[in-house]
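Hi,

Here is the structure I said I would pass on. Have a look at it first, and my notes come right after.

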Amino acid sequence: MHVRLAAAGTLVGLGLVVAWMGQRADASSQARPRVAWTLSAATNTVTIRLAPGSSPTGPNVLARSRIVVSEDGKIQLSRASSPLRHQPRRPLCGTDQLSVPAPDEVLVAKSPDPCRARLRLTARDGETATVRVTVPALPETPLYSFASPAGRAVYITVDDGWTPSSQVLAIMRKTHLPVTAFLIQQAAQRNLAYWRAFAQAGGTVGDHTVSHPNLTQLSLSQATFQWAHARLALGRWVGKAPLMGRPPYGAFDRTVAAAAYRAGLKALVGWSASVGSAGVKTWNGKPLDPGDIVLLHWDPGLGRQLTKLLAVIHARHLHPMLLTPASFAGTAPQWHSLGGD
């Protein structure tokens, strides 16, 4: 019987302290199982086993002994008198999850938050071992609301994709205007021919999730699905999987960023200016500046709004530039979006 602790991803800072309780210098103590352990750096696992004691009755005692696992001795995953068994997932610390996928295995799944905890293992006859675990936070994809201002660049982005615009496509073809479309998968699939033409005209397609939920209200796995499924689908449809994503509603936190990283996105894109019926509105109420990322939407008025935006851009002697992950080099990430939809 053994218990194997494995982190889903990189598990670092793993140590083991074996505490022997109630040792007696008599023959019966020699029959008690001993706690033996091995650490594998290659697989990031530590295996703890009960080994027979040194007396002839050791194997018989071992046969009746089991190991139980708890967090700091508080969360009981199985009874001492029976093997580990599957139990519902439960928090270890932060939003990490502790589960028992097999009778001899305990799994610590990583989360966006770092986790430091102890797992105490106790044999039936009293021997205990404490595994001190540090699970680092998952890597995160950074969010940017501004991009490089070099060359007095500004960046035009258009969200959703429910109402494609033939006028915008004509402008792109005529002027080679670089436009980034952050597309909802469910919207894009209605007009695949348009989005292929958009990409052929030099447009860039970004990930705006499958169904446009508020990602901060979802679990890590749910948010990862929203990013990853849309990214793969858009890649199949237009020939290249997006490297950039935009969180719906600008809703952003560490879970959203970690999910984006797991989905393969290199940058999350906010915005610092938007265009509506009242014209161009910047985050600080000042005129449009180099480095601003401008937000529009694929709606029936998009062609007219884009024409007004281009007039403002030209009047400010700015230049629309292609938005790529490289556009954020030297730019500080934002801790949260500047807000919007």
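Below is what I found, going from the whole chain down to one helix and one side chain.

Keep in mind that this is a predicted model. The protein has eight helices and 20 strands. It runs to 341 residues, 49% of which count as buried. If you take the contacts between residues at least 6 apart in sequence, 66% of them join residues at least 24 apart. The accessible surface adds up to about 15,800 Å², and carbon and sulfur atoms account for 54% of that.

The helix I spent time on is α7, residues 254-263, which is mostly covered, with seven of its 10 residues buried. Those are Thr-255, Val-256, Ala-257, Ala-258, Ala-259, Ala-260 and Ala-263. They pack against α6 (220-238) and β16 (267-269). Both ends of α7 are worth a look. At the N-terminal end, Asp-253 acts as the cap, with a side-chain oxygen 3.1 Å from the backbone nitrogen of Thr-255. After the helix comes Gly-264, which has a positive phi, near 95°.

The other thing is Gln-226, which sits in helix α6. Is Gln-226 buried or exposed? Its relative accessible area is 9%, so Gln-226 is buried, the cut-off being under 20%. A polar atom of the Gln-226 side chain lies 3.0 Å from the backbone nitrogen of Val-210. Leaving out neighbours within four places in sequence, the contacts of Gln-226 include Asp-207, Thr-209, Val-210, Ser-211 and His-212, along with Pro-213, Leu-215 and Leu-218.

Cheers

Terms used. Residues are numbered from 1 along each chain as its sequence is written. This is a predicted model: local features need pLDDT of at least 70, side-chain atom pairs count only at pLDDT 80 or more; totals for chains, interfaces and linings use all residues. Side-chain values use heavy atoms; hydrogens and water are left out. Helices (H or I, at least four residues) and strands (E, at least two) are DSSP runs, numbered from the N terminus. Buried means under 20% relative accessible area, exposed over 50%, partly exposed in between (1.4 Å probe, protein chains only). Contact means heavy atoms within 4.5 Å. Accessible areas come from the Shrake-Rupley method with a 1.4 Å probe; for residues, only the protein chains shown count as cover. A polar contact is a pair of N or O atoms within 3.5 Å; within protein, one must be able to donate a hydrogen and the other to accept it, and residues adjacent in sequence count only if both atoms are side-chain atoms.
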